[in-house]
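Here are a few exercises to work through with the structure open beside you. Take your time with each one before you read the solution.

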Amino acid sequence: MTNSFRIVVLGGDGIGPEVCDQSVRLLRQMQPHLDGVEFELDHHSVGVGQYKKTGEALPPSAFDACEASDAVLLGAMGLPDVRYPNGKEIAPQLDLREKLQLYGGVRPIKLYHDSDTPLKGYGAGDIDFVLVRESTEGLFYGREAVADLEADEAINEMRITRKAAERVCRLSFEIARQRNKAKKVSLIDKANVLSSMVYFRHIFDEVAKDFPDITADHVYVDAAALFLVRRPQDFDVMVTENMFGDILSDLAAGIVGGMGMAPSGDIGETAAVFQPSHGSAPDIAGRGLANPIAMHLSTAMMLDWLGHGETKRAAAALHAAVADVLSDPSRRTADMGGKLSTVEITDLISGSLDRQLQSGGVAS
Ligand SMILES: NC(=O)c1ccc[n+]([C@@H]2O[C@H](COP(=O)([O-])OP(=O)(O)OC[C@H]3O[C@@H](n4cnc5c(N)ncnc54)[C@H](O)[C@@H]3O)[C@@H](O)[C@H]2O)c1
C-alpha cells in the first residue's frame, strides 16, 4: 500500500523561494528511494508578491490547502518596506500560526563544526538543545492593535492561557523524553516580575509532575541569555512564551552559525508548518547567496514528524547528509564565511544524500 502525503509548499518572499526550491529538489530526489511513500506537492503563492497582485497575502485557497495538508513547507514571508495601510508588515506566517493553532515553535539548535561558533572550546555536538516557543499568544497577543500616535502611551499585554501553556509545556516534556540527552526541560520565564509568568510557571510545574523521569527547572529570561553564551551545553529543552522565544531563538542561532543554521517546526494538534527560523533576507535575495541549510533541516524535521518508517529514514538520511557536508569547514555559504552558492551547497548535500539513502540512512 502506498502512503500519500500531501505537502503544501509556500515559497513566499525574498530568499524564501530560493531555499524552498532546493529543499523540494531534495524531496523529489528522495521519493524513489522510499518504499510505499509518495509526496504530493501542492505549490501556492503567498506573501508580499501575492498581496501586491491580489490584495491578499494568504488567499483562502492557500489557507484551505494548508489546513487539509499533512504538512506545510514554508520559505519565508514579508518584506520590511511593504506594509498594510495600518503601518504593520504583511506577516501571513503569523496568521497561519494563529489560525491553525500551531502552538509549539520547535527550534533545534545544533553545532556541526567548531569553526561555526563564536564561542571558544565548543566542537560538533557540544551545543545541542531545542528551544520551544509558545506561538499563539504571550506578548504577541494583541499584535492586531494599532498604535494611536497622538496618545500619551501605547500598551501591549502578555496573555498566558492555561490551555496554551499546558500544551506547550507538555510538548516540551515529550520532546525531552525522546531526546538522547540529559532529559531536562527548563522553563524560561520572568516570574520574579510578571504575574503572567508566575501563572505560566505554576502550570509548567503541574505538567512536570506527569513526567517524573524528566528534570524540570526554571531560568529567568535575562539569565538564560547569559547562559546561552556562557554554558549552552547545560540546556536540553527550553520552553518559553512567544516574544522571549522569538528573541532567544535568534541568539541561539548565533552560537551555531547564524540564521541559516536554524530550522523550525510550528506544531499544532491537526497541522504543522516547517520553515527556517530566518526571514526573507531582502539584503541578499536574488543573488544565489542564501544558506539553505535551515530549510533543509526543517524539511528533515517535517519528514520525521510525518511519522512513517520510510519518512523517518529519509529524515535521518537528510540529517546525516547535512552533517557530512558541514564536517568540512571549507563547504559553507557566504553568511558563514564560505564561497558556495545556495545551489552549490545543495549539490553537495544531494550527493551525500544518495549515499546515505543507499546505506539505509544514518541518524546524526
Ligand atoms: N517566518 C518568516 O517568514 C519570517 C521570520 C522573520 C522575519 N521575517 C520577515 O523577513 C523580512 C526580513 O527580516 P530581517 O531582516 O529582520 O531578518 P532575516 O532573517 O530575513 O535577515 C537577518 C540577517 O540574516 C541574514 N540571513 C537570514 N537568513 C539567511 C540565510 N538563509 N542565508 C544567509 N543569510 C541569511 C540576512 O541576510 C540578514 O542580514 C522582514 O520583512 C521580516 O518581517 C519573516
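**Exercise 1.** Which domains does the domain assignment of the protein give?

Solution. Keep in mind that this is a predicted model. The assignment gives domain 1, made of 1–103 + 265–364, and domain 2, covering 128–254. Next, look at how they are placed: their C-alpha centres lie 25 Å apart. Their contact takes 12 residues from domain 1 and 12 residues from domain 2. The area buried between the two domains is about 1200 Å², and carbon and sulfur atoms give 46% of it. Finally, pick out the main contributors on one side: Lys-88, Glu-98 and Tyr-103 supply 49% of the area that domain 1 buries against domain 2, more than any other three residues.

**Exercise 2.** Work out how strand E1 is paired, and what it forms with helix H1 and E2.

Solution. Start with E1 at residues 3–12 and E2 at residues 37–43, which pair in the parallel sense over seven bridges. To anchor this pairing on screen, find Val-9, whose bridge partner in E2 is His-43. Now add helix H1, residues 16–30: together with E1 and E2 it makes a right-handed β-α-β unit. Then turn to E3, residues 71–76, which runs parallel to E1 and is joined to it by five bridges. Here Ile-7 stands opposite Ala-71 of E3.

**Exercise 3.** Where does the largest nonpolar core lie, and why?

Solution. First find its members: the core has 88 residues, and those touching the most other members are Met-30, Phe-39, Ile-127, Phe-129, Met-302, Leu-303 and Leu-318. Both domain 1 and domain 2 give residues to this core, so it lies between them. Zoom in on Leu-318 next; leaving aside residues up to four places away in sequence, its contacts include Leu-26, Met-30, His-296, Leu-303 and Leu-353. There is also a second, separate core of 16 residues, among them Val-8, Val-46, Leu-58 and Leu-100.

**Exercise 4.** Decide whether His-278 is buried or exposed.

Solution. Begin by locating His-278 in the loop between strand E10 (272–276) and helix H9 (293–306). Its relative accessible area is 10%. Buried means under 20%, so His-278 counts as buried. To see what surrounds this residue, list its contacts beyond four places in sequence: His-278 touches Ile-15, Val-19, Ala-76, Met-259, Gly-260, Asn-291 and Ala-294.

Definitions and conventions:
Residues are numbered from 1 along each chain as its sequence is written. This is a predicted model: local features need pLDDT of at least 70, side-chain atom pairs count only at pLDDT 80 or more; totals for chains, interfaces and linings use all residues. Side-chain values use heavy atoms; hydrogens and water are left out. Two strands pair if DSSP finds at least two bridges between them. Helices (H or I, at least four residues) and strands (E, at least two) are DSSP runs, numbered from the N terminus. A crossover is right-handed if, with the strands pointing away from the viewer, the path from the first strand over the helix to the second runs clockwise. A nonpolar core is a set of buried Ala, Val, Leu, Ile, Met, Phe, Trp, Tyr and Cys residues joined through side-chain atoms within 4.5 Å. Buried means under 20% relative accessible area, exposed over 50%, partly exposed in between (1.4 Å probe, protein chains only). Domain bounds come from an automatic or database domain assignment. Contact means heavy atoms within 4.5 Å. Buried area is the accessible area (1.4 Å probe) that two parts lose on being put together, summed over both.
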